[in-house]
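Trainee: Could you take me through one part of this model closely, the sheet with a helix lying across it? After that, I'd be glad to hear about other spots worth a look.

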Amino acid sequence: MFNLFHLFRKSGLLDGAAPEKDIFKKKYQYFQSLLAGNNMALELITDIEGICYGEKPFTLEYILDRTELLLKVVYDIAEDLNALSDGRYPELFDAVERIGISLLQELVRKKEIEPTAPTMSMESLSLENASETGGKAASLGEVKNRVHLTTPRGFAVTAYACYQFLRQNRIFERAGRFLRGLNIDDTGKLLELSEQARKLVLEAPLPPDVESALRLEADKLVREYGPGVRLAMRSSALSEDSESSFAGQHSSVLNVRPEDIITAYKEVVASVFNPRAVYYRRSKGYPCDHVVMSALCLTMVDAAASGVMYTRDPNDTRKNVILINAVWGLGIGAVDGSSATDYYEVEKKTLQPTAMRVSDKQTRVVRGGESGLTTEAVPDDIRNERCLTDAQIATLAGYGLRLERHYGRPLDIEWALDGEGRLVILQARPLNLDLLCDDDTCPDEHATPGEEVPGFPVLLRGGCTAARGKAAGPAFVVTSDHTLVNIPEGSILIAPQTSPRYVSLLGRVRAIVTDVGSVTGHMASVAREFGIPTLVGTGSGTTTIPHGAEITVDATSRLVYGGRVEQILERKKPVNPMKGSPTYKTARSALKKIAILNLVDPEREDFSPDNCRTLHDVIRFSHELSMREMFRINESLSVDKSFALRVRVPLPMRIYAVDLGGGFAPNCAQECTLTDIVSVPFRALLQGMTHPNVRWVGAVGVDIKGFMNIVAESAMAGPAQDERMGGPNYAAVSKEYLNFNSRLGYHFATVDTYCGLNVNDNYITFSFKGGAADIGRRSRRAMLIAAILKRIGLRTRLKGDMVKGTIAKYVSPVIEEKLDLIGRLLGSVRLLDMVLADDGQIEWYVEEFFKGNYSFERGK
């Protein structure tokens, strides 16, 4: 990790008896380094902002990497500014460290797990224990102990037990080495690396106290129910059943012998690294350490029938109904949506079915022999029979109402009917209202398909809307799990059944169509979270939709068209699925310390290092002050002629220049002419100064007589024409940079500018002061100059006879054009302080300047 406290500072690099030319060159090098750092820093901020505000998932590790690099760049910027200014801003280092420490502390903050016992009994659980046992276990304890509905017996293995297990074996650290840079849309790599991470867990030993606690709890259940008792070890991760459902992403191990409880527990913990779980977690913005696995161990229900109940219709929240899906045997097929299910729609007021569909249930999942599960054929006499009677439906729906009232929100409930006819609640979790439909476009899930678009063949009608929306793309018909890695970007997935395994494909597919499935399955829940249009239970999608054909899926109206039906495709703005997640919240919070700009006005008193609250503030302060420091270079430009070039141009002044690198042709030794100048800004300025309409010698504006002629002549006095403007004029130049300090008679002007390929670097800073006339006339000339600079595009400041102007972040040709105009301005206003008798004249002179009348002759 980047360490703020062990960086080399450049203070003192300009100390000593370095030759004057070397000092200028070093200052310019630091200036260049600062400009490069400024651009890199702004690019990094843009990158971080783009990630945080974008529509694609990101990891906190990526944000941390970018932030660490940004901190290094910003610290270098602070060093460059201090080297450039002879250490004038040491407080800037403190500002970077203060902001950086706060940033890193936020980005590397670990989820705290409170120490608890390794296990907790069901009788002690309620929603208040969610931070210790995860939402699933805590919620089932709530159902048992506060709503007083029937649940299986059992216990929870706490998150702290898992935390000890993973920390002792350094699982997240070891897995992080190869998962850190994983592209989750690379399905093949996702499968490979996830399996490696799972093996780390399965092969690691449990802490002795955790293993002892698990075996003790299993022995208790054996003593109570006998040696034939079988257990269900279910996931209850800390982030499950929160803002993000994690539906079906982690594993449950069913029909476990008590002696196999350790193996089953490890299998559940290892499911943190299931490919679908890794994909979901990354997509939704949950760091690995936020999904610490608690587990829920229950006595196995030998179910005659099982299923899922929604206390609100996911496709129409206006309907006052409860939805129930049911299968024979264990509810795995109903939960993951892979089996044909009975469907019951129940009116909440009467608890009577208002709609019913009984399916042909050909197979069922039941307990195996000693352990595990088996799939068998459903006896012919009940294949097409209802799983639940009207009375059982009413009882189950009544349970749903009681739970919804208790929780105060719609719920997704798993249930089972045991061999004695008792209804048992296995799970109750929130049904995310934000994902549900509540407007007039909501379809009735089992009504007739919507109106068809004429001119396009309809390949499929019917099914159930699991997730609304419309999408087009090539159909990819899945024939086996082995083909999942081959599904190309932008496909429409056509599959025999819904499966949580398809979660890892959600970043690549545009829509999903399945033969079998229900709106209450895990796959449907996750599809709604990700906004993927999904049509389930179509019965024949894999046989009627040709592989590779361009199709359009209208999941809302339950229609699949051949071809691309452009007029119905939606143009909705994508939403980052991570929104609201821990990673998203942390990144957005960190961004406030990175990108917000508080130091917006360089003229305010609070424009200082102490008031830098973000890295952007430090960057802004350093960039502004670097330009001021380069502007001040004119203060020390009374250069030794032994290393300065004499610049011979057709102007009545002496100009000496220090070449900071690439400013002049290589063959220049002691003198150069205009054709030898390579510096882009210097050539542009001189081009304006030597414009044929600019008169540097003689009076301007009117026939000047008497005292004014005397003053003018004294200003022009000198042994030769090129020395009539008084003392020498100095320039420090490179190919892209110019600092020009001119002493023209009784006034002084400085132009400091950078004109390169990067628009963020480019700027002009201009200063003009003085004159031979009284303060009133000099001030009017300053007002005139300010008015012209404003027309040119510079932001100006005026105080007495001094005017300053700045402009920044324009492309090179625009900067060159403005330098040309400033060059013309320098020649045309040199004696106007003598003729500006009142403020009313200013507007005329401004207009004449932009007409090209630089000598301000009347009637021209």
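Mentor: Happy to! Helices (H or I, at least four residues) and strands (E, at least two) are DSSP runs, numbered from the N terminus. This is a predicted model, so local features need pLDDT of at least 70 and side-chain atom pairs count only at pLDDT 80 or more, while totals for chains, interfaces and linings use all residues. Residues are numbered from 1 along each chain as its sequence is written, and side-chain values use heavy atoms, with hydrogens and water left out.

Now to your sheet. Six strands make up an open sheet, ordered β9-β8-β7-β6-β12-β13, with antiparallel pairing; two strands pair if DSSP finds at least two bridges between them. At the edges are β9 (353–357) and β13 (423–430), each paired on one side only. From one strand to the next, the twist averages 20°; axes here are lines fitted to C-alpha atoms, for helices over the stretch in contact, and angles run from 0 to 180 degrees between N-to-C directions.

Helix α12 (residues 390–407) lies across β6 (303–310), β7 (321–328), β8, β9, β12 (411–418) and β13, where contact means heavy atoms within 4.5 Å. The helix runs at about 145° to β12.

At the β9 edge, β8 (residues 342–347) pairs with β9 in the antiparallel sense over four bridges, and Y344 stands opposite M356 in β9. The loop between β8 and β9 holds L351, which is not a glycine yet has a positive phi of about 60°. L351 is partly exposed, with a relative accessible area of 21%; buried means under 20% relative accessible area, exposed over 50%, and partly exposed in between (1.4 Å probe, protein chains only).

Another positive phi outside glycine belongs to N255, near 55°. N255 sits in strand β4 (residues 252–256) and is buried, with a relative accessible area of 1%.

Next, look at β21 (residues 559–562). L559 and Y561 point one way from this strand, V560 and G562 the other way, and all are buried. Strand β21 pairs in the antiparallel sense with β14 (residues 458–461) over three bridges and with β20 (residues 550–554) over four bridges. Y561 therefore has a residue opposite in each of these strands: V458 in β14 and T552 in β20. The hairpin of β20 and β21 has four residues between the strands, and R558 there takes a positive phi near 60°.

The rings deserve a look too. Rings of Phe, Tyr and Trp (its six-membered ring) pair if their centres lie within 6.5 Å; planes under 30 degrees apart count as stacked, over 60 as edge-to-face and the rest as tilted. By this rule there are 16 aromatic pairs. W844 and Y845 form an edge-to-face pair, 4.9 Å centre to centre with 90° between the planes. W844 is partly exposed at 24%, whereas Y845 is buried at 1%. The charged end of R858 sits over the ring of W844, 3.8 Å from its centre; the rule asks for NZ of Lys or CZ of Arg within 6 Å of the ring centre and within 35 degrees of the ring normal. R791 lies over the face of F850, at 4.5 Å from the ring centre.
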